[in-house]
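Visitor: I would like to know how the words used for this model follow from its numbers. Could you show me around?

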Amino acid sequence: MPSLTVPQTPRYVPALPTKENLQYADLAIIDLSKAATAEGRAELAVELREGLTTRGFCYIINHGYTQAQNERMFDIADIPMSGVPEDEKRAYTGDSKKTGIFQGYKPRQYWHIDAGVRDQHEHYNCSHTVNNGGENLTSLARQPPRLQLDAPTSTQTISSRYRCLRTFQPWLWNSDLTALLRLMALSLELPEDTSEEEEVQTKNVWMKGHTDFGSITLLWSQPVAALQIQTKEGWRWVKHIENALLMNIGDSMEFLTGGFYKGTIHRVVQPPIDQRGYTRLSMIYFSFLNDDVKLVPLMASPVLQRVGVERRCEDDAAPTMKAWRVARISAYGASDLQKGKEPGIEEEVLNGIVVKHYN
């Protein structure tokens with residue numbers, strides 16, 4: 001019987017951490033190993049609430065993935081970037097401006113950044129259907145052949161790469177994201193299961209200051225310094241912590257909490273001089289509410305009842321998650337932004353709601 005020969009996955013070699021003296025943001029570190037007990041979850045809920053209301057970003061450590069597993073996922077994540085020919089990528093390119101969905105490849109120069117300069121960001125977006133085989137642009141059967149080389153061809157053959165893809169997303173959802181959503185519910189004094197339903201022209205800014213539009217974003221920490229968050233003291237760099245996750249809040253969570261947790265303003269800029277020759281490879285998990293969820297404050301929360309809420313629109317005019325997702329994705333890098341009332345801020349109106357971009 002002929003054997004299946006599976007090519008080795010090349011090792012991704014990341015950049016060394018920068019030696020530049022940067023002004024780093026002081027971010028809370030949430031140790032998920034404490035979430036095993038009720039007492040630990042109560043303690044973490046307070047830490048998470050403090051971290052999200054002051055900085056908006058938190059580090060997540062002891063999340064359950066080892067350093068070796070982390071390195072393996074970066075090896076796999078580099079394949080659609082450096083291992084797939086450009087002509088093949090075009091066959092799997094999405095069109096988020098028309099569909100309002102991030103799926104497949106987002107090529108470079110798809111978005112307008114500023115002053116006539118277009119972006120140099122390349123994405124490969126892989127939805128949860130990689131795990132369930134759904135009819136989706138990024139289900140396993142419809143990925144570039146280079147990513148299918150070691151997919152199972154019989155019940156006896158399941159490669160390690162395929163197994164990683166099959167287990168990574170469900171693990172992230174069932175382990176880390178679920179734990180964080182439970183902690184957020186506790187931080188609002190709600191039941192734990194509430195949530196289970198070119199350089200000069202752009203001033204070295206690669207992506208303008210913006211908020212994410214989902215509920216929670218999880219970003220694997222990586223060594224190339226480029227991510228900055230807006231603080232009361234100004235823009236601050238986010239420091240790399242080995243095998244840590246970075247968590248931040250998106251628009252939909254800001255809607256649900258009536259502004260108690262605000263969408264975190266962040267941007268991507270040119271790295272320090274000693275890292276400018278390296279590609280910045282990121283693994284990001286964007287979490288969204290169900291499409292039919294109406295984005296209105298959770299007024300059952302005792303916390304929101306005490307502190308009050310700041311609505312971005314009236315409840316009867318609030319969009320659903322689907323309407324907000326489609327509007328934000330379709331407009332990003334495509335719509336004409338208007339100069340805002342505040343210096344350095346540009347605005348657009350989506351679903352009757354003002355969205356700010358920090359330039």
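Visitor: Why is tyrosine 285 called buried?

Guide: Happy to start there. Buried means under 20% relative accessible area, exposed over 50% and partly exposed in between, using a 1.4 Å probe and protein chains only. Tyrosine 285 has a relative accessible area of 18%, so it is buried. Do keep in mind that this is a predicted model, where local features need pLDDT of at least 70, side-chain atom pairs count only at pLDDT 80 or more, and totals for chains, interfaces and linings use all residues. Residues are numbered from 1 along each chain as its sequence is written, and side-chain values use heavy atoms, with hydrogens and water left out.

Visitor: Where is tyrosine 285 placed?

Guide: Tyrosine 285 sits in strand β13, residues 284-287. Strands (E, at least two residues) and helices (H or I, at least four) are DSSP runs, numbered from the N terminus. The covered face of β13 holds Tyr285 and Ser287, while Ile284 and Phe286 are on the uncovered one. In a regular strand the side chains alternate between the two faces of the sheet.

Visitor: How do you know that β8 pairs with β13?

Guide: Two strands pair if DSSP finds at least two bridges between them. Four bridges join β8 (residues 216-220) to β13, so the two are paired, and they run antiparallel. Isoleucine 216 stands opposite serine 287 of β13. With β11, strand β8 shares five bridges, again antiparallel; there, leucine 219 has leucine 246 as its bridge partner.

Visitor: What makes β13 an edge strand?

Guide: The open sheet has five strands in the order β1-β2-β11-β8-β13, with mixed pairing. Both β1 (28-31) and β13 are edge strands, as each pairs on one side only.

Visitor: Why is threonine 217 called buried?

Guide: Its relative accessible area is 5%, so threonine 217 is on the buried side of the cut-off. This residue of β8 touches Asp212, Leu246, Met247, Asn248, Ile284, Tyr285 and Phe286, not counting residues up to four places away in sequence. Contact here means heavy atoms within 4.5 Å.

Visitor: What makes the pair of threonine 217 and aspartate 212 a polar contact?

Guide: A polar contact is a pair of N or O atoms within 3.5 Å; within protein, one must be able to donate a hydrogen and the other to accept it, and residues adjacent in sequence count only if both atoms are side-chain atoms. The side chains of threonine 217 and aspartate 212 come to 2.8 Å, so the distance fits the definition.

Visitor: Which residues have the most contacts inside the largest nonpolar core?

Guide: They are Leu48, Leu52, Met184, Ile216, Met247 and Ile249, in a core of 40 residues. A nonpolar core is a set of buried Ala, Val, Leu, Ile, Met, Phe, Trp, Tyr and Cys residues joined through side-chain atoms within 4.5 Å. Helix α7 gives the most to this core, with seven residues.

Visitor: How do you know that the span of helix α2 agrees with the expected one?

Guide: The expected span is 1.5 Å times one less than the number of residues. For the 16 residues of α2 (residues 67-82) that gives 22 Å, and the end C-alpha atoms are 22 Å apart, so the two agree.

Visitor: Why is asparagine 62 called partly exposed, and asparagine 243 buried?

Guide: Asparagine 62 has a relative accessible area of 47%, so it is partly exposed, whereas asparagine 243, at 15%, is buried. Asparagine 62 lies in the loop between β2 and α2, and asparagine 243 in the loop between β10 (234-237) and β11.
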